[in-house]
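Colleague: Please take a close look at one chain of this model and walk me through how it is put together. I would like a connected account rather than a list.

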Amino acid sequence: MGALFLRDVRLGLRAGGGALVGILFFLAVIAVVPFGVGPDLKLLARIGAAMLWIGALLATLLGLDRLFQADRDDGSLDLLIMASDRHMLALTILVKCLAHWIVSVLPLVIASPLLGLFMNMEAAAIGATALTLLVGTPAITLIGAVGAAVAVSLPRGGLLVSVIILPLTIPVLIFGVSASYGAVEDPAPFLAPFLILAAITLFFAVLGPIAAAAALRSSAD
Amino acid sequence: MRLIAENLGGERGGELLFSGLHFAVSSGEALMVTGPNGSGKSTLLRIIAGLLVQAEGMLRLEGAPAAFEGLAAAAHYLGHLNAMKPVLSVDENLHFWQSFNGRGQYSIAEALEHVSLGEIGHLPFGYLSTGQKRRVSIARLLVSERPVWLLDEPTAGLDKASETQFTGLMRGHLTSGGIIVAATHLPLGLEGSKELALGAAS
């Protein structure tokens, strides 16, 4: 399993891995918002957390369709499925998701405080947003694994994967943003939505790989 | 150890390709699956590998070593695709499959030596020629141990010398009590192998 993790991280970092695409997209989205919204600093600060979350959500969706397709195209997926007596397929998928998250999504979380400055957010809001992204984005990757597994045999399934999983990621977005606001706006709570966000991630860490494993098995042809 | 198929039938896209297949392959035996294009050779191999569900019939492996429970766990599958990443080096690719599938009789350097590619372990897999890629893929069979080898057109792209070398490797596997099921158009040079002819798709 460690070998699979290392291989996927290496693949993501080498040329053509696509790890940079997500962060460039994230940067582009957040950089144009102040131009579109105008120089109203108060308004920017108020929508900052939401814009960061929407940008991170869309950037996370970008590379998800390749999660299993690259392995299918070169025949590795067959061998991963065949090895399921030795390494449970759901666990294999969890490890692949983890590697994908570290290579493509963790840089978004790390970049989010810098982009928060673009949005004129105060320090506490920036910190809370980065923290909620750290806890919430794994859930998006894990939900995405199900969509990627369902669409694995479609040659141009990229947009389809995003459309399939977008409705399921809405709760992540809602609780992520409300926890971020809770940290700075007084009556709104921080801890309750934050804990629900963590619960969603843990829930999909179990359900996502199992559902993706079932989809991959039945898609073999 | 025996690989037994009873009344096996396979379909692809709802169309029955073959049905009522009976065969038994014991340790040290090879089964050559022949037949025209579209007769279901690859489908049969993928059914044995557990990647497709059979339409009918039974398939089982009797008396497999304790380490290999179930047919899929006991089998190496060499399909049309090489299952290697072009951006990783040959060594990295083989090292991954060795760690993932379990250590076998040969080290990576020895396995590459057996396919006459001892010098190129550091090159990215994508730089190799078609035949060299195939030979690296064959080296994958050597770095992890599996009693059953399922080979789908294993010699596609190989030159004469590599074919002979591969025949030697297959003989070695059979001598050590392994089973080979190969789908092929060309004779693989194994004496005394059984043959299963699949009919034309009609």
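**Chain B, from domains to a single residue**

Modeller: The domain assignment splits chain B into domain 1, made of 1-74 + 147-202, and domain 2, covering 82-145. The model is predicted, and what follows should be read with that in mind. Taken over C-alpha atoms, the centres of domain 1 of chain B and domain 2 of chain B are 23 Å apart. Contact between them involves 9 residues of domain 1 of chain B and 9 residues of domain 2 of chain B. On the side of domain 1 of chain B that touches domain 2 of chain B, α5(B) contributes the most, with 4 residues. That side comprises 5 nonpolar, 3 polar and 1 charged residues.

Helix α5 of chain B leads on to a sheet. This is an open sheet of 5 strands in chain B, in the order β5-β6-β7-β3-β8, and the pairing is parallel. Strands β5 (75-78) and β8 (194-197) of chain B are at its edges; each has a single partner strand, so one side of each has no neighbour in the sheet. Direction ignored, neighbouring strands of this sheet are turned by 15 degrees against each other on average. Helix α5 of chain B, residues 160-175, packs on the sheet and touches β3, β6 (148-152) and β7 of chain B. The direction of α5 makes about 140 degrees with that of β7(B).

Within that sheet, strand β3 (residues 30-34) of chain B and strand β7 (residues 179-183) of chain B run parallel and are joined by 4 bridges. M32(B) belongs to strand β3 of chain B, and A182(B) in β7(B) stands opposite M32(B). Is M32(B) buried or exposed? M32(B) has 20 other C-beta atoms within 10 Å, and a residue counts as buried if 20 or more are found within that distance, so M32(B) is buried. Leaving out residues up to four places away in sequence, M32(B) touches A182(B), T184(B), L188(B), S193(B), K194(B) and E195(B). M32(B) and A197(B) are 165 residues apart in sequence, yet their C-alpha atoms are 8.2 Å apart in space.

A second sheet in chain B is built from other strands. Here 3 strands form an open sheet in the order β2-β1-β4 of chain B, with antiparallel pairing. The edge positions go to β2 (15-26) and β4 (56-62) of chain B, each with a single partner strand, so one side of each is left without a neighbour in the sheet. On average, neighbouring strands of this sheet are turned by 20 degrees against each other, direction ignored. Strand β1 (residues 2-12) of chain B runs antiparallel to β2(B), and 8 bridges join the two. One of the residues involved is R2(B), whose bridge partner in β2(B) is S26(B). Helix α1 (residues 41-48) of chain B lies across β1, β2 and β4 of chain B and runs at about 125 degrees to β1(B).

The remaining topic is the contact with the other chain. Chain B gives 22 residues to this contact and chain A gives 20 residues. On the side of chain B that touches chain A, the elements giving two or more residues are β5 and α2 (90-101) of chain B. The largest share of that side comes from α2(B), with 4 residues. By class, the side of chain B that touches chain A has 14 nonpolar, 6 polar and 2 charged residues. Strand β5 of chain B thus appears twice in this account: at an edge of the 5-stranded sheet, and among the elements of chain B that touch chain A.

Conventions
Residues are numbered from 1 along each chain as its sequence is written. Chains are lettered from A and ligands numbered from 1 in the order in which they are written. This is a predicted model: local features need pLDDT of at least 70, side-chain atom pairs count only at pLDDT 80 or more; totals for chains, interfaces and linings use all residues. Two strands pair if DSSP finds at least two bridges between them. Axes are lines fitted to C-alpha atoms, for helices over the stretch in contact, and angles run from 0 to 180 degrees between N-to-C directions. Two residues are in contact if their C-beta atoms, placed from the backbone, lie within 7 Å. Ala, Val, Leu, Ile, Met, Phe, Trp, Tyr, Cys and Pro count as nonpolar, Asp, Glu, Lys and Arg as charged, and the others, Gly among them, as polar. Domain bounds come from an automatic or database domain assignment. A residue is buried if 20 or more other C-beta atoms lie within 10 Å of its own, exposed if 12 or fewer, and partly exposed in between; C-beta atoms are placed from the backbone.
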